[in-house]
Structures are given as C-alpha cells and as structure tokens.
Amino acid sequence: YVAYMLQSLQRTGEPDHEIVVQMQEYCPYTDTVIQEASRIFEKARLNLAWYNRLLENREIIAQQLDAMAYIMEDCANEITDVTQEHRHLIAEVKYRAKERGVIVQKPHLYETKDGRWKLLCDAYAKNGGCISMKELTRAASIGLEVDMRPHRDERSMISPQGASVTLEEDTCFHETHAVSRRTKDGGTVSGDNFSFLEMDNGQMVMMLSDGMGSGSMACRESELVLELLEKFLEAGFSKETALKMMNSAMVIRGEDDLYSTVDICSVDLYTGACELYKIGAATTFIKHQHFVERIESCSLPVGVSHRMEIVNIKKQLEDGDFLVMVSDGVLEYLQADEPDQKMCEILKQTAYQHPGQMADALMEEVLNETGGMAGDDMTILVCAVWSK
C-alpha cells in the first residue's frame with residue numbers, strides 16, 4: 001500500500017483516497033506517513049525546478065559568451081586601411097579641398113567590411129575664416145569619385161584652428177519617420193514604447209515593444225526591452241545576437257507574467273534592403289506604390305523561454321515605400337473579421353506622402369471604427385523611404 005500511495009503522490013501530487021482508507025486499516029500513523037511523503041515529494045520537485053533553472057542559466061551564459069566572441073572577432077575585421085593603395089585619390093582630395101579654402105593633413109582612407117569608404121583627416125580653414133563642412137565634403141566626393149557625407153555627429157564648420165574630421169560614403173536612400181499614439185481610456189501611461197535608432201553603418205532601426213497589459217508596469221517592461229536592444233545594437237552586436245541576449249536577460253530576471261512583444265525593422269539606406277524580426281508582435285505593413293504587403297508573426301513574446309525562435313524576414317524597399325508598424329491595440333479593436341485585411345484596405349486608400357500625416361490619419365481611421373474609444377494602448381509607427 002505504501003508503494004501505491006507513493007506512486008499516486010508522484011503522479012498527481014495527492015494520495016489516492018481508496019489506498020489511504022486501506023492503509024488506515026493496518027497503520028495508525030497513515031496521516032503522518034502521507035504528510036511526510038508529501039513534504040519529501042514537494043522538496044524534490046522544488047530541487048528539480050531549481051536544477052532545471054540552473055541548467056537554463058548555464059546555457060544562457062554560454063550563449064552570451066558566444067556572442068562576445070562573435071563581436072570581438074567582428075570588431076577585429078571591421079575596417080582596412082587602403083590609404084597607400086589609393087594615394088592618387090587622396091592627392092586629388094587635398095587639391096580639391098585647397099581650391100575651396102581647406103587644408104587637409106594626415107588623411108587616412110579606410111574600407112569597411114561592406115566595401116564602403118571612410119575618410120579620416122585633420123582639416124584647417126585658410127585665410128583666418130570659417131569654411132562650411134559642405135565644401136570639404138564636395139572636395140572629397142570629387143576626389144574619391146564617390147558621394148561622401150560627414151559623419152552624423154560631425155561639426156558643420158571648419159575653423160582655422162582645425163579639427164579631426166570623419167567623412168563616410170553617402171547612402172542611396174534617406175528616410176523620414178513619425179509616430180502616432182493613444183493611451184488606453186482611463187490610463188495615464190502607455191504600455192507601448194518605441195525607438196528610432198540611426199546606426200553608423202547606414203542602417204535605420206525602427207523598434208516597437210508592447211508590454212503585457214497596460215499602465216506603468218507594462219511601460220517599464222517594454223522600456224527595459226528597448227533599452228537593452230539599443231545598448232546591444234550600439235555596441236555592435238547583430239540584431240539576432242542582440243535579441244538572444246536581451247531575451248536571456250529577461251529570462252534570468254524572472255518576473256512572472258511580465259512579457260513584452262518586440263517588433264524590429266531594419267532598413268539599409270545604402271541598398272534599400274529591409275529586415276524584419278517579429279517576436280510575438282502584431283502584423284507589419286509595407287505600402288508599395290500599387291499594393292500593400294503584410295508580414296505576420298507567430299512566435300511567443302520575449303522572456304517566456306530561453307529558447308527563443310528568431311525568424312528573419314527580408315524585403316526590398318523601393319523609392320516611396322512606407323513601413324507601418326502597429327501595436328496589438330490598433331488591430332484588436334478594428335470592427336472586422338480580418339483586422340489585417342481591414343488595415344490593408346485603409347492603407348490603400350491613404351494618399352498622404354508625409355509619415356506624420358499618414359500616422360495621424362491611420363489613428364483617426366482606427367478610432368472611427370471603435371467609436372472614439374481606446375480599449376488598449378495604441379501606437380502606430382510610419383517610416384517613408386526615398387531615393388536621393
């Protein structure tokens with residue numbers, strides 16, 4: 001009877017009633033035995049849970065060490081000095097700059113792993129005045145026979161005192177973006193957070209995170225997710241690695257029932273290539289000139305499991321295309337059997353060419369469908385891509 005009782009405790013966590021009755025006929029300490037056996041099984045379950053958690057954390061730490069090894073190897077092979085190979089081009093840059101009143105000294109030409117050029121030099125304005133950075137940029141573009149631009153943090157004027165200057169190969173596209181938001185009725189803080197991140201490699205990364213529920217708790221959760229992603233991406237990690245490391249950090253953090261969706265769209269402004277990563281997120285839409293394309297997600301939110309499935313969806317953007325990212329609250333309350341299809345129809349009818357106007361028009365159309373009510377936090381991000 002003791003063996004049967006232990007088996008029932010192991011299977012269901014409760015002793016079988018018939019076995020207990022039969023045991024009581026032979027053992028006066030049946031209740032004490034059952035109580036002690038239940039305590040031992042509960043302790044064993046707890047130890048097993050902690051052991052499994054330890055194994056998960058070990059695997060997570062191993063993934064993070066692999067990511068660190070990748071980024072160190074990637075940084076070591078990031079750029080190549082090609083100054084000596086292109087001495088004649090450097091001389092042409094110095095000559096063209098001098099014609100425009102700028103003295104160029106200590107020039108160094110580098111080629112990135114993507115095959116694009118970067119020029120570093122010391123620049124001085126002649127004749128005691130200040131010269132616009134545009135003059136040096138034009139000189140470098142003519143000399144190198146490639147369209148160049150100042151680094152995004154570069155100064156706009158060159159003084160006689162001189163300064164170190166960084167010029168990089170110009171992109172083929174430029175983008176403009178905007179956002180429209182609406183907090184859940186009765187709420188003061190939105191659980192949705194977003195980010196527009198301009199990378200040094202010519203990529204624009206648009207991110208949207210929807211914390212579970214609404215209010216300050218959901219806001220803090222989604223904000224933490226985006227902060228981690230931004231730091232990893234700015235440090236040079238790939239988007240897949242950044243997602244894995246962020247997810248592992250959220251799993252180790254171990255907050256119960258606090259999960260967030262992640263929607264990432266990265267646009268390469270050199271080529272127009274677009275990469276999308278959707279972790280439990282709502283559908284993303286791409287408005288082309290003659291049709292609307294939708295990209296759906298079927299994965300779980302971040303923080304649910306240390307084994308996160310990452311799907312990389314690649315698209316090609318053309319001049320005048322619009323990327324539209326929305327949170328769950330936008331689609332859930334559209335009065336339609338297929339909200340995604342309804343949003344496609346709304347986008348087809350939208351003729352605005354400015355992202356801000358398009359985002360506001362979409363939000364207004366959604367609120368018209370809901371009677372002006374916001375049953376959840378709503379966020380709409382719009383990015384337009386244009387050829388230069």
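Strand 10 and strand 11 (residues 260–268) pair antiparallel, joined by nine bridges. One point of register is Asp210, which stands opposite Thr261 in strand 11. This is a predicted model, and strand 10 is a good place to enter it.

On its other flank to be traced here, strand 10 meets strand 9 (residues 192–198). These two strands also run antiparallel, and seven bridges join them. Leu197 stands opposite Val205 in strand 10. Strand 9 and strand 10 form a hairpin with four residues between the strands. In that hairpin Gly202 takes a positive phi near 85°.

How many of the residues of strand 10 (residues 203–211) are buried? Nine of its nine are, and the strand is mostly covered. In a regular strand the side chains alternate between the two faces of the sheet. Both faces of strand 10 are covered. On one side lie Gln203, Val205, Met207, Ser209 and Gly211, all buried. On the other lie Met204, Met206, Leu208 and Asp210, again all buried. Asp210, the partner of Thr261, is thus one of the buried residues.

Next comes helix 6. This helix covers residues 216–234, 19 residues in total. From first C-alpha to last, helix 6 reaches 26 Å, close to the 27 Å expected at 1.5 Å a residue. Its buried residues are Ala218, Cys219, Glu221, Ser222, Val225, Leu226, Leu229, Phe232 and Leu233. An α-helix has 3.6 residues a turn, so residues three or four places apart point the same way. The buried set includes Ser222, Val225 and Leu229. Just after helix 6, Gly236 takes a positive phi of about 110°.

Now turn to an open sheet earlier in the chain. Five strands make it up, in the order 1-2-3-7-5, with antiparallel pairing. Strand 1 (79–81) and strand 5 (148–150) are its edges, and each pairs on one side only. Neighbouring strands of this sheet are turned by 35° against each other on average, direction ignored. Strands of a sheet pair through backbone hydrogen bonds, either parallel or antiparallel. Strand 1 and strand 2 (residues 102–112) pair in the antiparallel sense, over three bridges. Among the residues involved, Asp81 has Tyr110 in strand 2 as its bridge partner.

Which helices lie on this sheet? Helix 4 (residues 87–99) lies across strand 2 and strand 3 (117–125). Helix 4 runs at about 145° to strand 2. Helix 5 (residues 133–144) packs on the sheet too, touching strand 2, strand 3, strand 5 and strand 7 (163–169). The direction of helix 5 makes about 155° with that of strand 5.

Helix 10 takes us towards the end of the chain. Helix 10 spans residues 355–369 and has 15 residues. Its reach of 21 Å, first C-alpha to last, is close to the 21 Å expected at 1.5 Å a residue. Pro355, Gly356, Met358, Ala359, Ala361, Leu362, Met363, Val366 and Leu367 are its buried residues. What do they pack against? Four strands and two helices are named here: strand 8 (173–182), strand 13 (284–287), strand 16 (321–326), strand 17 (378–387), helix 8 (328–332) and helix 9 (339–349). Just after helix 10, Gly371 takes a positive phi of about 70°.

Gln357 also sits in helix 10. Is Gln357 buried or partly exposed? Gln357 counts as partly exposed, because its relative accessibility is 42% and buried means under 20%. Gln357 and Ala178 are 179 residues apart in sequence, yet 8.5 Å apart in space, C-alpha to C-alpha.

The cysteines come next. A search of the whole structure finds zero disulfides. Cys383 is in none, and the nearest cysteine sulfur, that of Cys265, is 7.0 Å away. A disulfide needs the two sulfur atoms within 2.5 Å. Cys383 counts as buried, at 0% relative accessibility. Cys172 is partly exposed, with a relative accessible area of 44%.

Last, the chain as a whole. Its secondary structure comes to 10 helices and 17 strands. Of its 388 residues, 45% count as buried. Among contacts with a separation of 6 or more, 67% are between residues 24 or more positions apart. The chain exposes about 20600 Å², and carbon and sulfur atoms supply 49% of that area.

Key: Residues are numbered from 1 along each chain as its sequence is written. This is a predicted model: local features need pLDDT of at least 70, side-chain atom pairs count only at pLDDT 80 or more; totals for chains, interfaces and linings use all residues. Side-chain values use heavy atoms; hydrogens and water are left out. The expected span of a helix is 1.5 Å times one less than its number of residues. Buried means under 20% relative accessible area, exposed over 50%, partly exposed in between (1.4 Å probe, protein chains only). Contact means heavy atoms within 4.5 Å. Accessible areas come from the Shrake-Rupley method with a 1.4 Å probe; for residues, only the protein chains shown count as cover. Two strands pair if DSSP finds at least two bridges between them. Axes are lines fitted to C-alpha atoms, for helices over the stretch in contact, and angles run from 0 to 180 degrees between N-to-C directions.
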